[in-house]
Amino acid sequence: MAVGKRVGNDMILSIESSCDDSSISITEIKTKKLIYHKKISQELEHSKYGGVVPELASRLHAVALPAILEECTQWFGELKAVAVTNAPGLAVTLIEGVVMAKALSITLNIPLLPINHLKGHIYSLFIEKEVQFPLTVLLVSGGHTQVIEVVSHEMMNTVATTMDDSYGESFDKVSKMMGLGYPGGPLIEKLALGGDSSRFTFTVPLWQSPLIAFSYSGLKNQVRLAVEANEAEDYPDIAASFQKTATDHLIQKLKKYFKTSKPERFAIVGGASANLYLRSEIEKLLAPHKAPLFLAPLEFCSDNAAMIGRAAIEEFVRDNFTNYNEIVVNPRCKL
Ligand code: KG4
Ligand code: ZN
């Protein structure tokens with residue numbers, strides 16, 4: 001997809017392959033404008049397994065990334081750096097992007113910018129507009145559930161995280177239990193629209209705990225018991241009750257957090273930020289604080305290289321380069 005006009009200026013090429021999306025973008029350095037962006041998702045290929053199969057994902061990246069890169073050769077002469085997601089994510093898929101980035105760095109003689117995927121999600125907010133700091137960010141994806149205080153481009157502090165599964169992952173697992181496919185988030189959200197969220201009472205995780213942290217493994221097991229004890233016609237009610245409880249958990253912990261740290265501005269990022277029920281509950285939560293809510297455009301909520309490119313601009317202007325023989329893949333790295 002051609003996103004913007006070619007302007008003949010300095011560019012960064014960015015690569016994302018941390019999970020099941022192969023994506024490359026071209027971003028203009030001076031204007032921070034997205035010039036080109038393409039993503040090939042592997043959802044169909046993984047759907048029959050009910051989740052991402054890392055080795056299959058890796059093989060699919062090895063085909064998709066070079067195919068996308070072919071479309072970018074027209075900008076090779078204008079590239080001033082190559083950026084790549086090197087952490088966190090699946091080791092066998094991260095390496096596909098990193099190897100391509102290294103090869104480009106060597107052959108085009110341009111520096112490398114390693115980008116943290118979580119930081120990338122935060123920058124999905126900045127692809128089409130600027131957002132002021134300080135900014136409280138709720139990151140909800142398939143791999144992470146975190147609250148991050150973004151003080152500046154250099155200072156981002158994680159103040160709450162999950163102890164086990166993530167918010168998006170819990171939707172994927174519930175979808176798998178119901179035999180619905182992958183990714184589960186949109187499927188469960190759709191199913192929940194026709195369901196009664198008050199029919200099944202699931203315990204809100206950690207509701208009595210003073211911890212400001214998240215946990216979804218216990219809720220997942222409660223839902224499993226309900227799925228096993230009921231029929232397919234009950235699944236919409238289970239889906240709606242699950243979605244409500246999973247979201248109530250986020251809201252309850254954020255409420256607790258806001259008692260000591262009032263939000264000035266708030267944002268939701270990551271694949272699960274597309275969830276409309278979550279968005280409306282967060283809006284209600286923010287209303288008394290009069291804090292505006294920021295969201296990335298829908299196409300940039302899930303994994304993409306446009307957000308990596310926008311994050312890369314901030315690293316480029318700060319000279320945060322890495323030598324091609326020093327870049328490492330770090331699957332478990334934090335923000
Ligand atoms: O950010 P993302 O594309 O990949 C990771 O970095 O993990 O997020 C993917 C996750 C999946 O778990 C998917 O089920 C979830 O986001 N997701 C949703 C929705 N759309 C995607 N979860 C809940 N509701 C949705 N509408
Ligand atoms: Zn992601």
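**Ligand 1 and its surroundings**

Around ligand 1 there are 20 residues, and Gly 142, Asp 172, Glu 189, Gly 271 and Asn 275 come nearest; a residue counts as near if one of its heavy atoms lies within 4 Å of the molecule. This is a predicted model, in which local features need pLDDT of at least 70, side-chain atom pairs count only at pLDDT 80 or more, and totals for chains, interfaces and linings use all residues. Residues are numbered from 1 along each chain as its sequence is written, chains are lettered from A and ligands numbered from 1 in the order in which they are written, and side-chain values use heavy atoms, with hydrogens and water left out.

**Contacts and burial**

- The side chain of His 121 has an N or O atom 3.2 Å from an oxygen atom of ligand 1, which falls under the polar contact limit (a pair of N or O atoms within 3.5 Å).
- Backbone N or O atoms also approach oxygen atoms of ligand 1: one of Gly 143 at 3.2 Å and one of Gly 185 at 3.0 Å.
- Taken alone, ligand 1 exposes 550 Å², and the protein buries 90% of that (Shrake-Rupley method, 1.4 Å probe).

**The shell**

- Helix 4 (117-123), helix 5 (167-177) and helix 6 (184-193) are the elements that each give two or more residues to the shell around ligand 1; helices are DSSP runs of H or I with at least four residues, and strands are E runs of at least two.
- The shell holds four nonpolar, twelve polar and four charged residues, with Gly counted as polar and Asp, Glu, Lys and Arg as charged.
- Domain 1 (11-124 + 301-317) and domain 2 (135-295) each supply at least three shell residues; the bounds come from an automatic or database domain assignment.

**Backbone features**

- Most residues other than glycine have a negative phi, and most peptide bonds are trans.
- Ala 87 and Pro 88 are joined by a cis peptide bond with omega about -25°, and Pro 88 lies in the loop between strand 4 (79-87) and helix 3 (91-108).
- Another cis bond runs from Phe 133 to Pro 134, with omega near 0°; Pro 134 is in the loop between helix 4 and strand 6 (135-140).
- Lys 32 has a positive phi, near 60°, and sits in the loop between strand 2 (21-28) and strand 3 (34-41).

Conventions. Polar contact = N/O pair within 3.5 Å; in protein donor to acceptor, adjacent residues only side chain to side chain.
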